[in-house]
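Subject: Structure for your review

Hello,

Please find the structure below, together with its sequence. My notes on what turned up in it come after.

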Amino acid sequence: METKNIMIVGVGGQGTLLTSRVLGGIIEQAGYDVKLSEVHGMAQRGGSVVTFVRYGDKVYEPIVEEGQADVLIAFEKLEAMRYAHFLKKDGVLIVNDQRMDPMTVVTGMAEYPENILETLKKKYQVVSIDAMAEAKKLGNARVFNTIIIGVAARSMDFEEDEWLSVIEKTVPPKTVEINKKAFKAGFRG
């Protein structure tokens, strides 16, 4: 199998690391070699976080080069715009339609760009979802990232029950059922 490349981008505290653990888990369970790498990251909330997940028969490096990502999962719109150039020509950009102002915007040093999703759709294959609104409908805003995993799973070659099995093993035990519901909400659309 040719190596597949996935990037997860977001803001600290959004669950990018949990998402990479779920992706790594399903890939390992399928018997592929997998490499995970957190390239940038801020421990505190608000900093940009980028995680690479690469898998295939044999993966030698954890880093995804520009123009090589098959799937880019963005938990925030500006992060999607910031890292979209990592996508392959036929790659899929999954974007959470959420705005989180970076410190430069909060302090007035910069302005948040307008029409981000429209701009991205001109050049990339974009799947957008307001995962926070969907998570609130389920009664737990914290599972928005699992909804996004469900949306991303539609662009990957694993079955729904395989994903649910890995989610059950990866998320905290008391959150298994709500995370399964969240995944199904994203996966089934």
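The notes cover helix packing, a pocket and one backbone angle.

Please keep in mind that this is a predicted model.

Helix packing

Two packed helices are described by the angle between their axes and the distance between the axes. Three pairs are listed here in those terms.

The axes of α1 (residues 16-29) and α7 (residues 160-170) come within 9 Å and cross at roughly 125 degrees. An angle over 145 degrees would count as roughly antiparallel and 65 to 115 as roughly perpendicular, and α1 and α7 are therefore oblique to each other. The crossing of α1 over α7 is right-handed. On the α1 side, the contact is made by L18, R21, V22, L23, G25, I26 and Q29; on the α7 side, by E162, W163, S165, V166, I167, K169 and T170. Sorted by class, this contact of α1 with α7 has seven nonpolar, four polar and three charged residues.

Helix α7 also packs against α8, at an angle of about 150 degrees and with the axes 10 Å apart. Since angles over 145 degrees count as roughly antiparallel, that is the label for α7 and α8. Their crossing is right-handed. From α7, the residues E160, W163, L164, I167 and E168 meet V176, N179, K180, F183, K184, F187 and R188 of α8. The class count for the contact of α7 with α8 is six nonpolar, one polar and five charged residues. W163 and I167 of α7 appear in the contact with α1 and again in the contact with α8.

The third pair is α6 and α8, whose axes come within 6 Å and cross at roughly 40 degrees. Roughly parallel would need an angle under 35 degrees, so α6 is oblique to α8. Helix α6 passes α8 in a right-handed crossing. Here T146, I147, I149, G150, V151 and A153 of α6 meet N179, A182, F183, G186 and F187 of α8. The contact of α6 with α8 divides into seven nonpolar, four polar and no charged residues. N179, F183 and F187 of α8 take part in this contact and also in the one with α7.

Pocket

The largest pocket has a volume of about 360 Å³. It is lined by 18 residues, and the closest to its centre are L18, R142, V143, N145 and N179. By class, the lining has seven nonpolar, eight polar and three charged residues. Helices α6 (144-153) and α8 (176-188) each supply at least two residues of this lining, and α6 gives the largest share, three residues. Two of the residues named at the centre also appear in the packing above: L18 in the contact of α1 with α7, and N179 in the contacts of α8 with α6 and with α7.

Backbone

Most residues other than glycine have a negative phi. N115 is not a glycine, yet its phi is positive, at about 55 degrees. N115 sits in the loop between α3 (103-106) and α4 (116-123).

Regards

Definitions and conventions. Residues are numbered from 1 along each chain as its sequence is written. This is a predicted model: local features need pLDDT of at least 70, side-chain atom pairs count only at pLDDT 80 or more; totals for chains, interfaces and linings use all residues. Side-chain values use heavy atoms; hydrogens and water are left out. On a 1 Å grid over the protein atoms alone, a cavity is a set of points where a 1.4 Å probe fits but cannot get out, and a pocket is an open set with protein on both sides within 12 Å along at least five of seven lines; lining residues have an atom within 4 Å of a point. Grid points are joined across faces, edges and corners, and a volume is the space filled by probe spheres set on the points. Helices (H or I, at least four residues) and strands (E, at least two) are DSSP runs, numbered from the N terminus. Ala, Val, Leu, Ile, Met, Phe, Trp, Tyr, Cys and Pro count as nonpolar, Asp, Glu, Lys and Arg as charged, and the others, Gly among them, as polar. Axes are lines fitted to C-alpha atoms, for helices over the stretch in contact, and angles run from 0 to 180 degrees between N-to-C directions. A crossing is left-handed if the near helix is turned anticlockwise from the far one by less than a right angle, and right-handed if clockwise. Contact means heavy atoms within 4.5 Å.
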